[in-house]
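Notebook open, viewer loaded. I want to go through the voids, the cores and the ring pairs, and jot down what turns up.

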Amino acid sequence: MAAQSHGVTQDTAVSTGRVTRALIYLLLLLFALFYLLPLYVMGINSVKPLAEITGGNMMALPEVWTLEPWRSAWSTAQIGVEPTGLKPYFLNSILMVAPAVAISTIVGALNGYVLTKWRFRGDTWVFGLMLFSCFIPFQIVLIPMAVVLGTLGLAGSVPGLILVHVVYGIGFTTLYFRNYYAAFPTELVRAAQIDGAGFFQIFWRILLPVSGPIAVVSVIWQFTNIWNDFLFGASFGGTSQPMTVALNNLVQSSTGVKEYNVHFAGAILAALPTLFVYIVAGRYFVRGLMAGSVKG
Amino acid sequence: MAFLDIRNVTKSYGTVQVLHSVDIAVQEGEFLVLVGPSGCGKSTLLNMIAGLEGITGGEIAIKGRVVNGVHPSKRNIAMVFQSYALYPNMTVGQNMTFGLEMHGVPKPERDRALADVAKLLQIDHLLDRKPGQLSGGQRQRVAMGRALVRNPDVFLFDEPLSNLDAKLRVDMRTEIKKLHQKLKTTIVYVTHDQIEAMTLSTRIAVMNKGHVQQLGTPKEIYDTPASVYVATFMGSPAMNIIPARVEVHHGVLHARITDSEGRPQLLRLSQGNLAAGRDILLGIRPEAITDPEGADRTSRNIVSLRNRVTVTEPAGADTFVTMTLGGRDAIARMRADASVAAGQDFDFAVNMDKAVAFDPATETRIAP
């Protein structure tokens, strides 16, 4: 047929495509279900009475629905020796994460601005050393950090934790912003200089307004890392321990009955903020990560 | 004392010297074009005038005030960048008044200046748009508007037309020239395009490898280039450079060259200040070699030259004809309908009044 010989109808191509596509979707669906399984288990067991779990029905839907485990995890569960629930620790985490993310992101942006638009002798060395800090494992800095915090009188406090996380995060945030600003035309900075704008005016009026995507990357990265950090929190938290440490104390407590339903509720509570950040800003994350990573 | 004085200015990066003692005095209202190939130092010189690059040696003075070490914003200059450098997050209006705002000019005054310039450049309807929503030509206008609004002493243009397509470039060129005629501002303009340099400037500085090769009016640069370099850089197609020997026949100086067949040909020289017997490089512009009907009637010295045609290239308005002279390709510019064909002999008319002679060793001009 003329139509077929011209390649217009492409009957076979379409039908093959449909089958393949169906297979692909089926596979993706299976994977998605598999990945969601833990969340499902946590979710349904957190709204079950303990008896149903210990009865051996981990996968089944609850026979009696209850929010009591959530209430308990939030406000009454035994954390260490105090029956406070996770609430005060959740607040500790918020008080630590918000300033730590904000400060490390702003400092990273400033560093990136200086390292790309106000080049100085040895700037690549400075950047290289900051990059190096990204590869230092947490454990190595524990003792020096303890000494520094002790000297500054910040040991065992929220400001101390903020300092630790800012110092540790600057390497990453600087890397992001430097690579992002490297692609930003220097002619714009020169034009602004001729227009009479100063160092901070150029930063504030010219660069920051176009830094949205990379700022999102920096915030997500920092938020996730700081919120999920356990080691620094456990080492330097003192009386103001973050959520992760409290969750550990809740789950690992070795006396009395193991309240699995409360543990599940607590674990979800601990994961909620990062989940929220990813859902809200996730699609900017990939975009910004790409934008920042192309130029090096 | 000139309006903009560049006195013995040098620039080095470490041990590498990129500008060698440049001396240019620009009068008020002049349109100076710095032209040269990439890497010749023209943009560096412009950036030094702007204050974006430090000055290694010498002085730059604007209106009698030495500005070495003065911050760019305090030199009362404005610059139009090749990429236009419009702030992407601001509207056109905000872009244009940003400089005034930074200099603390009150809002009513800014708005008045903006309205005046926007009207002059016919961009009043674009003021609320973002640069991303503008075409290339509109961005170019906004970039010029941003410079104009500040009413600076000196305008600096860094290859402002090279991002535009060919047709728009020609239009904007005329636009810039009109603007200069109307406002009579002092302009320093960097380009690598010799046609822009010829058409726009009141004076041209041809630069190469950090040296100013020649500084002069477009006519001086074109008719009496200081060196073979300037001669071949300015003009398109480039000036023909033909090896020749000066000889005396019947008491008159002639240039002896070889034609396509290697036969000697004599061209009577209009210039009398050449020593007989010496070798020269004879420079003849393509338009000085034509068909006899197209020859310049005001010239006092048209020499006939019969030569073999290698290639003809009809370009619409003219026909370019390639031949061999002195062992090198030479190009003649003929009228469009001159009957000339490749492989045949043709009687060319050479306007020797327009010829220049260079020293073969130093490649500098020795006559006229």
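**Entry 1: second largest cavity.** I note first that this is a predicted model. I began with the second largest cavity, where α9(A) supplies the largest share of the lining, three residues. The volume comes to about 60 Å³. I listed the lining: Ala191(A), Ile194(A) and Asp195(A) from one chain, then Ala78(B), Met79(B), Phe81(B), Arg146(B), Ala147(B) and Arg150(B) from the other. Besides α9 (186–195) of chain A, the elements that give two or more residues are β6 (77–80) and α4 of chain B. By class I get six nonpolar and three charged residues, with no polar ones.

**Entry 2: largest cavity.** How many cavities of 30 Å³ or more does the structure hold? Two is what I find. The largest has a volume of about 80 Å³. Its lining takes in Met144(B), Ala147(B), Leu148(B), Phe155(B), Phe157(B), Ile176(B), Leu179(B), His180(B), Leu183(B), Thr185(B) and Ile187(B). Two or more residues each come from α4 (136–148), β7 (154–158) and α5 (166–183) of chain B. Of these, α5(B) gives the largest share, four residues. I sorted the lining by class and got nine nonpolar, two polar and no charged residues. Ala147(B) turns up in this lining and in that of the second largest cavity.

**Entry 3: largest pocket.** Next I went to the largest pocket, with a volume of about 250 Å³. I count 13 lining residues, and those nearest the centre are Ala113(B), Val117(B), Leu148(B), Val149(B) and Asn151(B). Which helix gives the most to this lining? I find α3 (residues 107–120) of chain B, with five residues. The class split is nine nonpolar, two polar and two charged. Leu148(B) sits near the top of my list for this pocket, being among the residues nearest its centre, and Leu148(B) also lines the largest cavity.

**Entry 4: nonpolar cores.** The largest nonpolar core has 96 residues, and I looked for the members that touch the most others: Ile206(A), Ile24(B), Leu34(B), Leu45(B), Leu156(B) and Val188(B). The element giving the most to this core is helix α8 (residues 158–182) of chain A, with 12 residues. I picked Val188(B) for a closer look. Leaving out residues up to four places away in sequence, Val188(B) touches Leu4(B), Leu32(B), Leu34(B), Leu46(B), Ile49(B), Val154(B), Phe155(B), Leu156(B) and Phe157(B). There is also a second, separate core of 43 residues, which includes Ala78(B), Ala143(B), Phe157(B) and Leu179(B). So Phe157(B) is a contact of Val188(B) but is listed in the second core.

**Entry 5: helix α1 of chain B.** Is α1 (residues 42–50) of chain B mostly covered or uncovered? Mostly covered: I find eight of its nine residues buried. I wrote them down as Lys42(B), Thr44(B), Leu45(B), Leu46(B), Asn47(B), Met48(B), Ile49(B) and Ala50(B). Leu46(B) and Ile49(B) are among the contacts of Val188(B). Right after α1(B) comes Gly51(B), with a positive phi near 95°.

**Entry 6: rings.** I count 24 aromatic pairs over all chains. One of them is Phe138(A) with Phe232(A), a stacked pair at 4.5 Å centre to centre and 5° between the planes. Where do the two rings lie? Phe138(A) is in helix α7 (residues 138–152) of chain A and Phe232(A) in helix α12 (residues 231–236) of chain A, so the pair ties together parts 94 residues apart in sequence. I checked cover as well: Phe138(A) is partly exposed at 27% relative accessibility, whereas Phe232(A) is buried at 0%. Elsewhere I found a cluster linked by ring pairs, made of Tyr113(A), Trp118(A), Phe199(A), Phe200(A) and Phe203(A).

**Entry 7: chain B overall.** I closed with chain B as a whole. I get eight helices and 21 strands. Its C-alpha atoms fill a box of roughly 80 × 45 × 35 Å along the principal axes. Of the 368 residues, 52% are buried. Among contacts with a separation of 6 or more, 66% join residues 24 or more positions apart.

Key:
Residues are numbered from 1 along each chain as its sequence is written. Chains are lettered from A and ligands numbered from 1 in the order in which they are written. This is a predicted model: local features need pLDDT of at least 70, side-chain atom pairs count only at pLDDT 80 or more; totals for chains, interfaces and linings use all residues. Side-chain values use heavy atoms; hydrogens and water are left out. On a 1 Å grid over the protein atoms alone, a cavity is a set of points where a 1.4 Å probe fits but cannot get out, and a pocket is an open set with protein on both sides within 12 Å along at least five of seven lines; lining residues have an atom within 4 Å of a point. Grid points are joined across faces, edges and corners, and a volume is the space filled by probe spheres set on the points. Ala, Val, Leu, Ile, Met, Phe, Trp, Tyr, Cys and Pro count as nonpolar, Asp, Glu, Lys and Arg as charged, and the others, Gly among them, as polar. Buried means under 20% relative accessible area, exposed over 50%, partly exposed in between (1.4 Å probe, protein chains only). A nonpolar core is a set of buried Ala, Val, Leu, Ile, Met, Phe, Trp, Tyr and Cys residues joined through side-chain atoms within 4.5 Å. Contact means heavy atoms within 4.5 Å. Rings of Phe, Tyr and Trp (its six-membered ring) pair if their centres lie within 6.5 Å; planes under 30 degrees apart count as stacked, over 60 as edge-to-face and the rest as tilted.
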